[in-house]
Each structure stands twice: as structure tokens, then as C-alpha cells.
Amino acid sequence: MKTVIAYSLRNEIVSEANRHNFWARKYRRVTNHRFTAKIFSEIAFRDAGWHWDGKTNLTISMTRVIKKYGKTMDDEQAAEALKATQSGIADALKVEDNNPHIKWVYNQRRGNLSILKSYVDVVITEEDMERKEC
């Protein structure tokens, strides 16, 4: 595997499963996360001079970084919370987020944060070997 690009998105990631917000508030948050992920991904791709050919297998790792004493999410909550970010990155790649050439990985870690409660580190790697399809 070869790391192609790594960058951070300054979106605060919250557990959508445990939120009981009015639908319009959730819609604004999800739309903002998707748009921010798309724009920042496009900028990171352009600055790195990287363009995906659409045939190489990618592994996109999204790591939710939280405060030292912040609450972690279980795996299902993390995947749901990062769904809008995943869709934004897929938009920047100009593909659907269920593309068989892309493997999505969700992680969490603690970091030293002062203002934000959380943010997302994104690492995109290209795989050397072809991914076998089931």
C-alpha cells in the first residue's frame, strides 16, 4: 500500500443515533459536513497534485479525533456519524460512496484539542494488489 494523501477536516462529529434534534437542524449539520468534506478534499487533492483514475483500489481511513476525556462511540455509531463525511469525500472523487474500488475504514483516537470537541483525520492509500470481489 502507498499513502497518497492525508489531511484533516475540522467538522465536529457527533453521534446521530443519540441525537433527538428537529429534522431541519440535523439536515443542516449533515449538509454542512458533506459540503465541507467535499471542498476540503478537493483542495487537498489539488494541492497534492493527485487524481484518482477510478480503477485503482483505495482504502480511505477516517479517524475521529476526540478530546483527552471525550466520549468514544461504538463502531456502528462512528460509521453513522461519519456517513456525511464519507459522502463528501466520495463527491470529491466523483463516485458513489458504495464504489467497489473503495474500502472505508472508521477509527477513533484521543488527541490534545483545545477548542473543538472532535475532528476527522483522513488518510487515503492506494492498494498494490487487486481487491477480490465476493
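In this predicted model, Thr85 is fully enclosed by the calculation: its relative accessibility is 0%, so this residue counts as buried. Thr85 lies in helix H3. Leaving aside residues up to four places away in sequence, Thr85 touches Leu9, Asn11, Ile13, Ala37 and Met62. One of these partners, Ala37, is itself among the buried residues of H1.

The surroundings of Thr85 can be placed in the overall fold. The protein contains three helices and four strands, and reading along the sequence gives the pattern β-α-β-α-α-β-β. Of the 134 residues, 44% are buried. Among contacts with a separation of 6 or more, 86% join residues 24 or more positions apart.

Attention turns next to the nonpolar interior. As a general matter, nonpolar side chains tend to be buried together in soluble globular proteins. Here the largest nonpolar core has 27 residues, and those with the most contacts inside it are Tyr7, Ile60, Ile89, Leu93, Val122 and Ile124. At least two residues of this core come from each of strand S1 (2-9), helix H1 (23-48), strand S2 (58-66), helix H2 (75-81), helix H3 (83-93), strand S3 (102-110) and strand S4 (118-126). Leu93 gives a good view of how these pieces meet: beyond residues up to four places away in sequence, Leu93 touches Phe45, Trp50, Trp52, Leu58, Ile60 and Ile102.

Helix H1 repays a closer look. Its 26 residues should span 38 Å at 1.5 Å a residue, and the end C-alpha atoms are 37 Å apart, so the two values agree. The buried residues of H1 are Ala24, Arg29, His33, Thr36, Ala37, Ser41, Ala44 and Phe45. S1, H3 and S4 are included in what covers these buried positions. Just after H1, Gly49 takes a positive phi of about 70°.

Several of the residues already met return in the second largest pocket, which holds about 180 Å³ of space. Its lining consists of Glu42, Phe45, Trp50, His51, Trp52, Ala92, Leu93 and Lys94. H1 and H3 each contribute at least two residues to that lining. Sorted by class, the lining has five nonpolar, one polar and two charged residues. Three of the nonpolar names, Phe45, Trp50 and Trp52, are also contact partners of Leu93, and Leu93 lines the pocket as well.

Lys94, another of the lining residues, sits in the loop between H3 and S3. Lys94 counts as exposed because its relative accessibility is 69%. The backbone at Lys94 is also worth a glance, with phi near 65°, a positive value in a residue other than glycine. By way of background, most residues other than glycine have a negative phi.

A second exposed lysine completes the picture. Lys55 lies in the loop between H1 and S2. With a relative accessible area of 68%, above the 50% cut-off, Lys55 is therefore exposed. The C-alpha atoms of Lys55 and Pro100 are 9.8 Å apart in space, although 45 residues separate the two in sequence.

How values were computed: Residues numbered from 1 in each chain as written. Predicted model: local features only at pLDDT ≥ 70, side-chain atom pairs only at ≥ 80, totals over all residues. Heavy atoms only, no water. Core = buried A, V, L, I, M, F, W, Y, C linked by side-chain atoms within 4.5 Å. Buried < 20%, exposed > 50% of the residue type's maximum accessible area, 1.4 Å probe, protein only. Contact = heavy atoms within 4.5 Å. 1 Å grid on protein atoms, 1.4 Å probe; cavity = no way out; pocket = protein on both sides within 12 Å on 5 of 7 lines; lining within 4 Å. Points joined across faces, edges and corners; volume = space filled by probe spheres on them. Nonpolar A, V, L, I, M, F, W, Y, C, P; charged D, E, K, R; others polar. Expected span 1.5 Å × (residues − 1).
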